[in-house]
Amino acid sequence: MPFVINKMFAKEKTRAFLHLVKELGYTQKEAQRMIAKGRLLVDGEPILKSSYELAGDFELIEFEPVSKGLKPTFVEKDFVVFDKPSGVLIHPQNRHTSYSLIDELKSQFGKDANITHRIDQETSGLVLCATNKESERDIKMMFQERDMQKKYIALVHGEFKSDMVVEEPLLRAEDESAIVRMVVKVDERGKASKTTFKPLHYFDETDTTLVECMPHTGRQHQIRVHLFHVKHPIVGDPIYGQSEENIVKFLDRELSKEQRVKLSGASRLLLHASELNFELYGKEYSVVSNVDFQTICREYM
């Protein structure tokens, strides 16, 4: 378990966040964040005020990464790229999460290494990670300024016949029932979004098409929603294209593998982050996934 409870002792009465900074080496931001998340305990109770004066015994819930042996596919001094398997979280959902990609990154490259962007848990593929604070800041700025070109491959239902650019604004659905508030929808009140699609191969026997997807903006679920909007939902998508009843069953983990295959076509979302192109510190990079995505599609359908 990455989060462990460590017993500590404060010799002299000190403000909580100062003790974490001076005695344990956390930055002020990290210390205040840990306290705000309830990870500092006195007599088993969380201390939520940074100004609380520590003295004597206390406990601290700390992240201690555990590796499962996943190696990065591309390594440079300032960044690395992992080819994330489907099912692996980027970050822990809570302190009971047993494993996520941040475990591998920090266990192999140290506590200052950090992940610079996200892909969904079921989406597989390339994740760019910084190995130090400076490159983390610069890479995140690259994403913010849209200087990063990302490509995905998706297997979609139906025959996707020609290249297409979808420019539909996306909005998080706040006016629906609570269970589907996580769903994003096309809505004129939403944020501008743009995705370019290019069909790669049509499979007549399954009536599915392998499609290259290039998002020009970085909205949540953008590729999934745009493909659903043009009536080519991704094979295996348990949200877009499904009834609310079945969405609830999926979220409550009550949908069997067989039911999911019958409803959506596959037991996982068949979306893969396949390529990253960018320039960093005067050098151009093109990182391509070495995963055989077509073979993966056949395995999960």
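1. Two strands count as paired here if DSSP finds at least two bridges between them. With that in mind, take β5 and β6 in this predicted model: Val75 stands opposite Val80 in β6. Strand β5 covers residues 74–75, runs antiparallel to β6 and is joined to β6 by two bridges. The link between β5 and β6 is a hairpin, made through three residues.

2. Now for the overall picture. The protein has 301 residues, and 47% of them are buried. You'll find eight helices and 16 strands in the protein. The C-alpha trace spans about 70 × 50 × 40 Å along its principal axes. If you look at contacts with a separation of 6 or more, 64% of them are between residues 24 or more positions apart.

3. A word on surface and charge. The accessible surface comes to about 16300 Å², and carbon and sulfur atoms account for 47% of that surface. On the charge side, there are 43 positive and 47 negative charges, and the mean positions of the two sets are 3 Å apart.

4. Back to β6, which is worth a look on your screen. Strand β6 takes in residues 79–84, and six of its six residues are buried, so the strand is mostly covered. Why would neighbours along a strand point in opposite directions? In a regular strand, side chains alternate between the two faces of the sheet. In β6, Phe79, Val81 and Asp83 point one way, while Val80, Phe82 and Lys84 point the other way. Both sets are buried, and that includes the charged residues Asp83 and Lys84.

5. What else does β6 pair with? Strand β8, residues 124–130, is joined to β6 by six bridges, and the two run antiparallel. One pair to click on is Phe82, which stands opposite Val127 in β8.

6. Thr123 sits in the loop between β7 (114–115) and β8. Is Thr123 buried or exposed? Its relative accessibility is 2%, which is under the 20% cut-off, so Thr123 counts as buried. Setting aside neighbours within four places in sequence, Thr123 is in contact with Lys84, Ser86, Tyr152, Arg268, Leu269, Leu271, His272 and Ala273. One of those partners, Lys84, belongs to β6 and is buried too.

7. Next, the sheet at the start of the chain. Four strands make up an open sheet in the order β1-β4-β2-β3, with antiparallel pairing. The edges are β1 (3–15) and β3 (45–46), each of which pairs on one side only.

8. Within that sheet, β1 and β4 (residues 53–63) run antiparallel and are joined by 10 bridges. Phe3 has Phe63 as its bridge partner in β4. Further along, Lys7 has Glu59 as its bridge partner in β4. Strand β2, residues 40–42, pairs with β4 as well, in the antiparallel sense and over two bridges. There, Leu40 stands opposite Leu60 in β4.

9. Thr27 makes a handy contrast with Thr123. Thr27 lies in the loop between α1 (16–22) and α2 (28–36). At 39% relative accessibility, which falls between the 20% and 50% cut-offs, Thr27 counts as partly exposed. The C-alpha atoms of Thr27 and His201 are separated by 51 Å, and these residues are 174 apart along the chain.

10. Finally, cysteines. How many disulfides does the structure hold? The count is zero. Cys213 is in no disulfide, and the nearest cysteine sulfur, in Cys297, is 11 Å away. Why is there no bond for Cys297? The closest cysteine sulfur to that of Cys297 is in Cys213, and at 11 Å it is too far for a bond, since a disulfide needs the sulfur atoms within 2.5 Å. Cys213 counts as buried at 0% relative accessibility, and Cys297 counts as buried at 4%.

How values were computed:
Residues are numbered from 1 along each chain as its sequence is written. This is a predicted model: local features need pLDDT of at least 70, side-chain atom pairs count only at pLDDT 80 or more; totals for chains, interfaces and linings use all residues. Side-chain values use heavy atoms; hydrogens and water are left out. Buried means under 20% relative accessible area, exposed over 50%, partly exposed in between (1.4 Å probe, protein chains only). Contact means heavy atoms within 4.5 Å. Accessible areas come from the Shrake-Rupley method with a 1.4 Å probe; for residues, only the protein chains shown count as cover. The place of a charge is taken as NZ of Lys, CZ of Arg, CG of Asp or CD of Glu.
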